[in-house]
Amino acid sequence: MQLDCHSVWNNCLRYIKASTSEQSFRTWFMPIVPLKLVDQVLTIQVPSQFFYEWLEEHYVHLLRGAIDQVLGKEGRLEYSVIVDQGSATSQPYTVNYPEKNTSKQNGTAASNYRQNGSNFSTPQQEASAPAKPHDPQLNPNYTFDTFVEGDCNRLGRSAGYAVAQKPGVTSFNPLMVYGGVGLGKTHLVQAIGNEIKRDLPDRRIYYVSSEKFTNQFIEALRNNRVQDFSNFFLEMDVLILDDVQFLANKEKTQEIFFHIFNHLHQSGKQIIMTSDCPPRDLRGLQERLLSRFKWGLTADLQQPDLETRIAIIQKKMQADGIDIPDDVIEYLAYSVDTNIRELEGVIISLIAHASLNRREIDLELAKQCLKHIVSDIETEVGVDFIQKTVSEFFNISLDDMKAKTRKKEIVIARQVAMYFCKEYTNHSLKSIGFHFGGRDHSTVIHAVQSVNDMVTIDSKMKNAVESLKKKLRVRVTV
Ligand code: ADP
Ligand code: MG
């Protein structure tokens, strides 16, 4: 049966849709137009250079998976990129990737795309093929230069920098960096790796996520190559293990890591780890491992403040050669205060909107864009989330929120939470009252009125409500 490019692409889309979020699917895949299918080569048209690069960087595996599934291993993908010259009179023209004859070397779509199989080289393979240069698996963009310093990360950054100057020699061994998602752990530990790689090129460095470490280990077990697996790690001068919380309850993996850890540490090799919580809260990790994590230095990364968020965006945009007006940057940094990754997600989505609609990036577009994202989220804000956020904010217990207590600060917190439930959820007054320890609807009405009154006369209260608004509203998932 002869397949045409549209049905092939539709099948690819079905595969992609199942493996990615609705938002990414809409932003990055719906705008693609299939152009032709010749000799198992599918050509797709994408709206801009930026769009193409974004797909290449973030979705190459997904696209490969789709093509493999639909066209088989022989299938290939080519891009046709619309280049907008930015003036009303000149017509957009197209550029094709990979360019003919150069596809082997130029690192563009199809070349990366076909070579990707080799990116998955396991340590076993590397160990058994010593002629192949060792790949430390570092992302060159994650450097100290691109890492913005702020109060939120000063200790981690300086410790990391010290380790990078003298790996294995400082007392920061192991160095354990912890903090919530998207606060820069991976960036920081990779920066250490990149710095060492640059200044001490003979050192063997290896960055690996705990998930990949586990998978490599399982693979080694299956192939009876556990010895090769350990040997590979024991040869490292610097081992960076990201997200160790992932090792929780994986007894065998922890055991081998314990062995590797001890050996490296005794030989004065540097170990760097990250985790999403302080070591004392790591559940499901063996005590003997945890006690070793405390031998060196533990540093946390906190939420960046507004100025740091602004500086981070400015730096990123500068590095990407993208010009976003200052007022837009400030607006975004102000509105999204959860973490940097979310902030970046919002900016990417903004750039994508601008690029797709051929519009300037300005405050109005930013607002529209954020509203669109935020409104997706608002529906998710439920009574539980409001009660939890508000009680944390006022530092009272969740039980007090629902209890009979009439202590002033508890009453205020309770009223504020009721107010937000009325504002942000579809619950009836009766249902809201019910969620607050079975109070009746008139109590809720009274609470809403009190809060409205308080914010007009009490500036502290006004600020509290403003901060809470942001906390409740902006739970952006892009
Ligand atoms: P984590 O590993 O803690 O989840 P990442 O290191 O992946 O977070 O960081 C998320 C994004 O935020 C990355 O793109 C990273 O470059 C950026 N980022 C975080 N902190 C900073 C910082 N201080 N300076 C510059 N970029 C940062
Ligand atoms: Mg990370």
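Asparagine 224 is exposed, at 71% relative accessibility. It occupies the loop that connects helix H9 (210-222) to helix H10 (226-234). Its phi is near 55°, a positive value in a residue that is not glycine. These values, like those below, come from a predicted model.

Aspartate 39 is another residue other than glycine with a positive phi, here near 50°. Its loop lies between strand E1 (33-38) and strand E2 (41-46). Aspartate 39 has a relative accessibility of 71% and therefore counts as exposed, the cut-off being over 50%.

A further backbone feature is the cis peptide bond between asparagine 173 and proline 174, with omega at about 0°. Proline 174 belongs to the loop between helix H7 (154-165) and strand E5 (175-178).

**The chain as a whole**

The chain has 478 residues, and 48% of them count as buried. Its secondary structure consists of 22 helices and nine strands. Among contacts with a separation of 6 or more, 72% are between residues 24 or more positions apart. The accessible surface amounts to about 24,100 Å², and carbon and sulfur atoms contribute 49% of it.

**Strands**

Strand E5 is joined to strand E9 by four bridges, and the two run parallel. In this pairing, methionine 176 is opposite threonine 298 of E9. Strand E9 covers residues 297-300, and its side chains alternate along its length. Leu297 and Ala299 point to one face and are buried, whereas Thr298 and Asp300 point to the other face and are not buried. Such alternation between the two faces of the sheet is what a regular strand shows.

Strand E6 (residues 205-209) is mostly covered, with four of its five residues buried. Its partner is strand E7 (residues 238-242); five bridges join E6 and E7, and they run parallel. Isoleucine 205 faces valine 238 of E7 across this pairing.

**Ligand 1 and its surroundings**

There are 18 residues around ligand 1, and those that come nearest are Gly182, Thr186, His187, Lys316 and Arg341. By type, the shell divides into seven nonpolar, seven polar and four charged residues. The table gives distances from protein atoms to oxygen atoms of ligand 1.

| Residue | Protein atom | Distance to an oxygen atom of ligand 1 |
|---|---|---|
| Glycine 184 | backbone N or O | 3.1 Å |
| Lysine 185 | side-chain N or O | 2.8 Å |
| Glutamate 344 | polar side-chain atom | 2.8 Å |

Taken alone, ligand 1 exposes 560 Å², and the protein buries 94% of that area. The elements giving two or more residues to the shell are helix H8 (185-199), helix H13 (306-319) and helix H15 (340-357).

**Two buried residues in helices**

Which side chain does threonine 308 meet in a polar contact? The partner is the side chain of aspartate 305, at 2.6 Å. Threonine 308 lies in helix H13, one of the helices that give two or more residues to the shell around ligand 1. Its relative accessible area is 7%, so threonine 308 is buried, the cut-off being under 20%. Once neighbours within four places in sequence are left aside, threonine 308 is in contact with Val148, Glu149, Gly150 and Cys152.

Is serine 335 buried or exposed? Serine 335 has a relative accessible area of 3% and is therefore buried by the same cut-off of under 20%. Its place is in helix H14, which spans residues 326-335. The side chain of serine 335 reaches the backbone oxygen of tyrosine 331 at 2.7 Å.

Definitions and conventions: Residues are numbered from 1 along each chain as its sequence is written. Chains are lettered from A and ligands numbered from 1 in the order in which they are written. This is a predicted model: local features need pLDDT of at least 70, side-chain atom pairs count only at pLDDT 80 or more; totals for chains, interfaces and linings use all residues. Side-chain values use heavy atoms; hydrogens and water are left out. Buried means under 20% relative accessible area, exposed over 50%, partly exposed in between (1.4 Å probe, protein chains only). Two strands pair if DSSP finds at least two bridges between them. Contact means heavy atoms within 4.5 Å. Accessible areas come from the Shrake-Rupley method with a 1.4 Å probe; for residues, only the protein chains shown count as cover. A residue is near a molecule or strand if one of its heavy atoms lies within 4 Å of it. A polar contact is a pair of N or O atoms within 3.5 Å; within protein, one must be able to donate a hydrogen and the other to accept it, and residues adjacent in sequence count only if both atoms are side-chain atoms. Ala, Val, Leu, Ile, Met, Phe, Trp, Tyr, Cys and Pro count as nonpolar, Asp, Glu, Lys and Arg as charged, and the others, Gly among them, as polar.
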